[in-house]
Amino acid sequence: MAWVNQDKCAIVGVGATDYYVRGKSWPRTINDMAAEAIMNACADAGISHKQIDGFSYYSTAGAGYLDKFDTASLMETLGMPHISWSATLTSGGGGCPGAIGLATAGLMNEDCTYTVTLMALQQLPQHRLGVVFGAAAPNPENSFLQPSGLVGPGHLMSVLARRHMHLYGTTQDAFGEVVMATRANTHNRPKAVRKEPLTKEQYDASVMLADPLRRLDFCLETDGAVAVITTTMDRAKDCRHKPAVVHAAAHGGQREWGRAFAWMGMPDPHFASSGHKFTADRVWAQSGLTAKDMDVALIYDHFSPMVLMQLEDYGFCEKGEGNDYVLSGKLRYDPATGKGVNGGVPVNTHGGNLNEAYIIGMTHIVEGVEQVRGTAINQVKDAEFALVSGGPASLPVSSLILRKD
Amino acid sequence: MTYGPARALPGDQIRITTNPDTEPFWQAAKEGRLTACQCGECGHFRMPPTAICPECGSRAKNWPTLPGTATIFSFAICNKNPKNGEDYVYVPVVVDLDGAPGTRLNANVSGCDAEDVHIGMKVSVDWTPIQDGWVLPNFKA
Ligand SMILES: [Zn+2]
């Protein structure tokens, strides 16, 4: 059944700071970067930042899991006269596109008029995401995981990738193709961190960090901030750009995905998956669309195998066929035609977390907005629908479909 | 790739904490007894131990002694000690526990070369003393 809030709200502004290699943003403060991103997003929308009256966060309003966003501090920093909505999705980066659904809830409830969704990230030595689980103090739950030395997100995902390889014959070559296909989209992006073309030889020479995953299978470690503004469609008509219409948005997950990042109890076939099947089914049901209707897919890519597993969970290919789907080049964007390759839907036309920058999923939303506006640097021809995903991670994870106005 | 012998991470660098729901598991480990949390009402196993059975909602618990054998469900091969970054080959494994259907443990495996670890491999429990007098279940090939 169609979602009751379908096409009633839109993203009208996107803004970002520069992207910095981990730790290089200092002495800028995290609130400085957050405020710049918000003000840039408001300028893009053609509104004053003082018109914002709502915050829709994710990752439990955590910046890099250690700092916290504080609505009161941001209000004071930006001089916002009042707020009437401040809400956050629980769990981690998997909630990123779901935070737009949360904004829609506030807007449709007439609690607020313009909401901002924000991530600012500053990975100083004591704040590295890659070591955050290992550095955490022992607690009764992580005492069943930490002693094994599965201490970073990449370790955890490598175990899932290994099971996928075992069950379906998936190869490291497919992980490499995910990295190379999305790297090919960054050479013309001024702010991208990794812009050089990547050869298979270079990928194969990349150091093995958690066998079967190489360093290049891991996303970047980046500092920076990104913000987006969501409002109702009637207000969106008065904004500067064509609205990126919120066509469907879902967050959640099913019990079999379990505690994911905190424990490895998931049964087959969920273990060797992205845990996205539940929200994938929900956005397709909400929208009446399928993967094949998407013109572009912005797939959360903290680790390359998880892109392959999401393509399966969203139905771009059948479960277990991700290896062949990826290796047939179907992730690639062809600049000559502005379309996909070999009948595929182009994935991460901005380069993604693996190549452009890792702001915990926000860059995927920005790219989705620019694609349906028709202003993307690697514009997909006649793009009408863009899928954005958040996660795999602890639940909830989330999904969003943006539509051209 | 060739990694050489898989070694468990040094026990003197490992700390755990417990709460009333999990402590019986760790007390049994101190006695060299591998157990898992079983519902006292419906018999469903769950790990890590939690307050309430997710199947039937009961608070009753049993802690049966398991055979101490397991099957490797998945694994990674790592080559840096996470505590200090030194070169150190270890193999984190996710194992299915014999005698407690549906339960797993995350541990290290030793007693073989890292490149010889494989899914489906049978392993048996191997106790590693860790900080504060606790004992950690690892596995050996
Ligand atoms: Zn029960």
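## Strand pairing across the chains

Two strands pair if DSSP finds at least two bridges between them. In this predicted model, that condition is met across the boundary between the chains: strand β8 of chain A, residues 208-211, pairs with β5(B) over two bridges. The sense of the pairing is antiparallel. Within this pairing, B:Cys78 of β5(B) has A:Ala210 opposite.

## Extent of the interface

The contact between the chains involves 31 residues of chain A and 37 residues of chain B. Together the two chains bury about 2800 Å². Carbon and sulfur atoms account for 60% of that buried area.

## Polar contacts and the salt bridge

Between chain B and chain A, 14 residue pairs are in polar contact, counting pairs with both residues at pLDDT 80 or more. The count of salt bridges between the two chains is one. A:Arg255 and B:Glu55 form a salt bridge, and their closest N and O atoms are 3.1 Å apart.

## The chain B side

On the side of chain B that touches chain A, the elements giving two or more residues are α1 (23-30), β4 (69-75), β5 (77-80), β7 (92-97) and β8 (104-110) of chain B. The largest share comes from β8(B), with five residues. β5(B), the strand that pairs with β8 of chain A, is also one of the contributing elements.

By residue class, this side of chain B divides into 24 nonpolar, nine polar and four charged residues.

Technical notes. Residues are numbered from 1 along each chain as its sequence is written. Chains are lettered from A and ligands numbered from 1 in the order in which they are written. This is a predicted model: local features need pLDDT of at least 70, side-chain atom pairs count only at pLDDT 80 or more; totals for chains, interfaces and linings use all residues. Side-chain values use heavy atoms; hydrogens and water are left out. Contact means heavy atoms within 4.5 Å. Buried area is the accessible area (1.4 Å probe) that two parts lose on being put together, summed over both. A salt bridge is a side-chain nitrogen of Lys or Arg within 4 Å of a carboxyl oxygen of Asp or Glu. A polar contact is a pair of N or O atoms within 3.5 Å; within protein, one must be able to donate a hydrogen and the other to accept it, and residues adjacent in sequence count only if both atoms are side-chain atoms. Helices (H or I, at least four residues) and strands (E, at least two) are DSSP runs, numbered from the N terminus. Ala, Val, Leu, Ile, Met, Phe, Trp, Tyr, Cys and Pro count as nonpolar, Asp, Glu, Lys and Arg as charged, and the others, Gly among them, as polar.
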